[in-house]
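Subject: The structure you are taking over

Hi there,

Thank you for agreeing to take this one on. The structure comes first, and my notes on it follow below.

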Amino acid sequence: MAIGHQKLKGLMPRRNILLPTLCLVLLIAVWTLRPTGSNLDHWLDTDAVRAPSPPVHNNVDLSAPDAPFVGWPLKRVCDETTWVDGLIYICDNNSGGIGNIRNYIQTCLRYALEAGATGLTIPKIRKRNETDLADLFTEYLPLNYMFDEQHFRDAFNNNCPQITLYDDVHDIPGVAEKPKIELITPKDFGNREGCDFKDQNRHTDRFGDRFRRWLNSPKPGSGLAPPSWDNPRLIRFNWGVLWDWQIYRDGPEFAATFGSVLRFNNQLLYLGKTALKNMHAFARSKGAQGGGRFLGVHLRTESDAMGFWPTFHTQTEGYLRQAKARGFEVAYLATGNATEAKKFSDAAIEMSQMFVVTKADLLDGADLEELNALSWDQQGLVDLVVLLGAEFFVGAMPSSFSVYTAMKRHLRTGGLYTRPYKTGTEGDGLSYLVGNYDKYWEGWLFMWDGMWP
């Protein structure tokens, strides 16, 4: 039977192999005659069905305070946006220190992109009272009080040209002498049943569509109409929209880069980088290895610190434990409390044989005069530049200054594709924050999910 079967196969008609043979010959001919200098992907025009790969920026240190802005993630979001002519966002309802101010502005900007705003006023900054640090609501100052305004303009003009930037509300065409500004809270555009009031907005994916429906369906008698260039609608957030947006919803590339639309102004960068250079030199003079390695410390015990935050004793004990375990000879201390700075320095010598200096010790002459002329919060930005350059950083949870510093430093671990910091652990080998991590809301752990580094 087997022999008979083989004989049957051998006697199969030749036409059964004619079609496969012809296909093979045609394929060889097509490959041989393909256009010279073109690869198969180009010849088949696969770009028509596959988007080009985004550029890679593996050589950019995104943790540096003056890192170049990587704009393609912003451009990608803008290219996906549904734009609304005449919708203007005003991102100026902010307050606090650098950690809060930055994220107030960033959160408003992100919602503006999702809403489809075709106009933005250049953000302004609410100044803190210098004699009462808990008073966060004094005068409004221009963006360059802290940040580089031209850098901000370039980031949006180059990557999101659909948005027009205005210096002031009164520069917007079609706006009356007394402009009507509508106050909103983004969380109101989603069902919050069962959510803690401090929790992030769980409806950001749907915010744009819901907001635009509301915008285009004004209540009868409100005097409002759908926005247009002749009839702009101005939107400002109620105060407190701060940690709303879960940053990794946009992917790691956007999460890692969006914060850099706000870069410190040149004066603050200069003073910070000068202090950092002098800090490395001081560390080397004390025998520190590795080019002058030092510990960066944020001691958060000023008068506006909240009662449930770690005490001076708790912070000092935790910081010096890290210093001793990691063998630091010198530390840079960032604090606005001169009395407790002296106490910490004495404890560091006694417990860890570690020398401690501040920015005022590292600057002299005209640089020191310039530093002393800065406000309390501006001086904090000088501190931050130095802390970003430390070998290791210790801070206090839940200070937004400490959280921002740790998150910015964390960008060293993965650059453009950095994964989230593992909150409440021993950290990433670059930073450690002393605090209580037991409760997500009461302990303010939500900051880690809603802050752009």
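A residue counts as buried when its relative accessible area is under 20%, as exposed when that area is over 50%, and as partly exposed in between. With that in hand, here is one pair to start with: D244 and K187 are both buried. They also form a salt bridge, in which the closest N and O atoms are 3.8 Å apart. D244 sits in the loop between β7 and α8 (252-257), while K187 sits in the loop between β6 and α7, so the pair links distant parts of the chain, 57 residues apart.

Please keep in mind that this is a predicted model.

The chain as a whole

The chain has 453 residues, and buried ones make up 51% of them. You will find 16 helices and 12 strands in it. If you take the contacts with a separation of 6 or more, 74% of them are between residues 24 or more positions apart.

The sheet and its helices

A good place to look next is an open sheet of five strands, ordered β5-β2-β1-β7-β6, with parallel pairing. Its edge strands are β5 (164-166) and β6 (181-184), each of which pairs on one side only. On average, and ignoring direction, neighbouring strands of this sheet are turned by 30° against each other.

Within the sheet, β1 (residues 84-90) and β7 (residues 233-237) run parallel and are joined by four bridges. Y89 stands opposite I235 in β7.

Two helices are worth finding here. Helix α5 (residues 98-115) packs on the sheet and touches β1, β2 (117-121) and β7. The direction of α5 makes about 170° with that of β1. Helix α7 (residues 204-215) lies across β1, β6 and β7, and runs at about 105° to β1.

The nonpolar cores

In soluble globular proteins, nonpolar side chains tend to be buried together. In this model, the largest nonpolar core has 91 residues, and those with the most contacts inside it are Y89, L113, F147 and F211. Helix α5 gives the largest share of this core, 10 residues.

What does F211 contact, leaving aside its neighbours within four places in sequence? The list is L87, Y89, A115, I184, F189 and I235. Apart from the largest core lies another one, of 21 residues, among them Y319, F328, F344 and A347.

A buried asparagine

N103 belongs to helix α5. Is N103 buried or exposed? Its relative accessible area is 0%, so N103 is buried. A polar atom of the N103 side chain lies 3.1 Å from the backbone nitrogen of W452. Leaving aside neighbours within four places in sequence, N103 is in contact with L242, W243, G450, M451 and W452.

The salt bridges

How many salt bridges are there? The count comes to 21. Besides the buried pair I began with, these stood out to me:

- D66 and K273 form a salt bridge, with the closest N and O atoms 2.7 Å apart. This pair links distant parts of the chain, 207 residues apart: D66 is in the loop between α3 (40-43) and α4 (72-79), and K273 is in helix α9 (residues 266-285). D66 has a relative accessible area of 28%, so it is partly exposed. K273 is partly exposed too, with a relative accessible area of 42%.
- K127 and E130 meet through their side chains in a salt bridge of 3.7 Å, N to O. K127 counts as buried because its relative accessibility is 16%, whereas E130, with a relative accessible area of 38%, is partly exposed.
- R110, E114 and D250 are linked in a network of salt bridges.

One more residue in α9

R284 is also placed in helix α9. With a relative accessible area of 47%, R284 is partly exposed. Not counting residues up to four places away in sequence, R284 touches G291 and G292. The C-alpha atoms of R284 and V330 are separated by 9.3 Å, and the two residues are 46 apart along the chain.

Happy exploring, and write back whenever you like.

Best wishes

How values were computed
Residues are numbered from 1 along each chain as its sequence is written. This is a predicted model: local features need pLDDT of at least 70, side-chain atom pairs count only at pLDDT 80 or more; totals for chains, interfaces and linings use all residues. Side-chain values use heavy atoms; hydrogens and water are left out. Two strands pair if DSSP finds at least two bridges between them. Axes are lines fitted to C-alpha atoms, for helices over the stretch in contact, and angles run from 0 to 180 degrees between N-to-C directions. Contact means heavy atoms within 4.5 Å. Buried means under 20% relative accessible area, exposed over 50%, partly exposed in between (1.4 Å probe, protein chains only). A polar contact is a pair of N or O atoms within 3.5 Å; within protein, one must be able to donate a hydrogen and the other to accept it, and residues adjacent in sequence count only if both atoms are side-chain atoms. A salt bridge is a side-chain nitrogen of Lys or Arg within 4 Å of a carboxyl oxygen of Asp or Glu. A nonpolar core is a set of buried Ala, Val, Leu, Ile, Met, Phe, Trp, Tyr and Cys residues joined through side-chain atoms within 4.5 Å.
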